[in-house]
Amino acid sequence: ALPGVPDLATLTALGVRRISTGGGLAWHALGALKGAVDEILGDGAFAYTGTGLPRDERAAALGPRIGG
């Protein structure tokens, strides 16, 4: 959480109907990507693959894979 910023439940109770994350979600995703690259280049490991979005959640968000 950002210092001094109420959580979503509090904002909702205050009547806030729209929030903006700015680039925060993109920066978070890029941070995860950098962490994976650092792991591959540093340790030669691929443990990051165990922390990604599970297949069923990918399919639910993006639809089934083309061709199977």
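This report walks through a predicted model, one helix at a time.

## Starting at helix α1

Let's begin with helix α1, which covers residues 8-13. Leu8 belongs to this helix, and with a relative accessibility of 54% Leu8 counts as exposed, because the cut-off for that label is over 50%. If you follow the chain 11 residues along from Leu8, you get to Ile19, and the C-alpha atoms of Leu8 and Ile19 are 8.9 Å apart.

Thr12 is in helix α1 too. Thr12 has a relative accessible area of 49%, so it is partly exposed. Now try another pair: Thr12 and Gly22 are 10 residues apart in sequence, and their C-alpha atoms lie 18 Å apart in space.

## A salt bridge in helix α2

How many salt bridges does a search of the whole structure find? The search turns up one. Its partners are Asp38 and Lys34, whose closest N and O atoms sit 2.6 Å apart.

Why does the spacing of this pair fit the helix? Asp38 and Lys34 are four residues apart in helix α2, so about one helical turn separates them. As a rule, an α-helix has 3.6 residues a turn, so residues three or four places apart point the same way. It also helps to know that side chains of opposite charge can pair when their charged atoms come close. As for cover, Lys34 is exposed, with a relative accessible area of 52%, while Asp38 is partly exposed at 39%.

## Glu39, a buried charge

Right next door in the numbering is Glu39, which is also in helix α2. Is Glu39 buried or exposed? Glu39 is buried, and it has no salt bridge. The nearest side chain of opposite charge belongs to Lys34, and that is 12 Å away. A salt bridge needs the right atoms within 4 Å, so a gap of 12 Å rules that pairing out.

So what does Glu39 reach instead? Its side chain gets to the backbone nitrogen of Tyr48, at 3.3 Å. Leaving out residues up to four places away in sequence, Glu39 touches Gly44, Ala45, Phe46, Ala47 and Tyr48.

## Tyr48 and a nonpolar patch

Tyr48 deserves a look of its own. You'll find Tyr48 in the loop between α2 (24-43) and α3, and it is partly exposed, with a relative accessible area of 31%.

Tyr48 also helps make a nonpolar patch on the surface, with an area of about 840 Å². The other members of that patch are Trp27, Leu30, Leu33, Val37, Ile40, Leu41 and Phe46. Notice that Phe46, like Tyr48, turns up in the list of residues touched by Glu39.

## Helix α3 and what comes after

Last up is helix α3, residues 55-62. How many of its eight residues are buried? The count is zero, so this helix is hardly covered. Take Ala59, which is found in α3: at 36% relative accessibility, it counts as partly exposed. Ala59 and Arg17 are 42 residues apart in sequence, and their C-alpha atoms are 29 Å apart in space.

Just after α3 comes Gly63, which takes a positive phi of about 95 degrees.

Methods:
Residues are numbered from 1 along each chain as its sequence is written. This is a predicted model: local features need pLDDT of at least 70, side-chain atom pairs count only at pLDDT 80 or more; totals for chains, interfaces and linings use all residues. Side-chain values use heavy atoms; hydrogens and water are left out. Helices (H or I, at least four residues) and strands (E, at least two) are DSSP runs, numbered from the N terminus. Buried means under 20% relative accessible area, exposed over 50%, partly exposed in between (1.4 Å probe, protein chains only). Patches are made of residues with over 30% relative accessible area and no salt bridge: like charges are joined within 9 Å, nonpolar side chains (Val, Leu, Ile, Met, Phe, Trp, Tyr) within 5 Å. Accessible areas come from the Shrake-Rupley method with a 1.4 Å probe; for residues, only the protein chains shown count as cover. Lys and Arg count as positive and Asp and Glu as negative; His and the chain ends are not counted. A polar contact is a pair of N or O atoms within 3.5 Å; within protein, one must be able to donate a hydrogen and the other to accept it, and residues adjacent in sequence count only if both atoms are side-chain atoms. Contact means heavy atoms within 4.5 Å.
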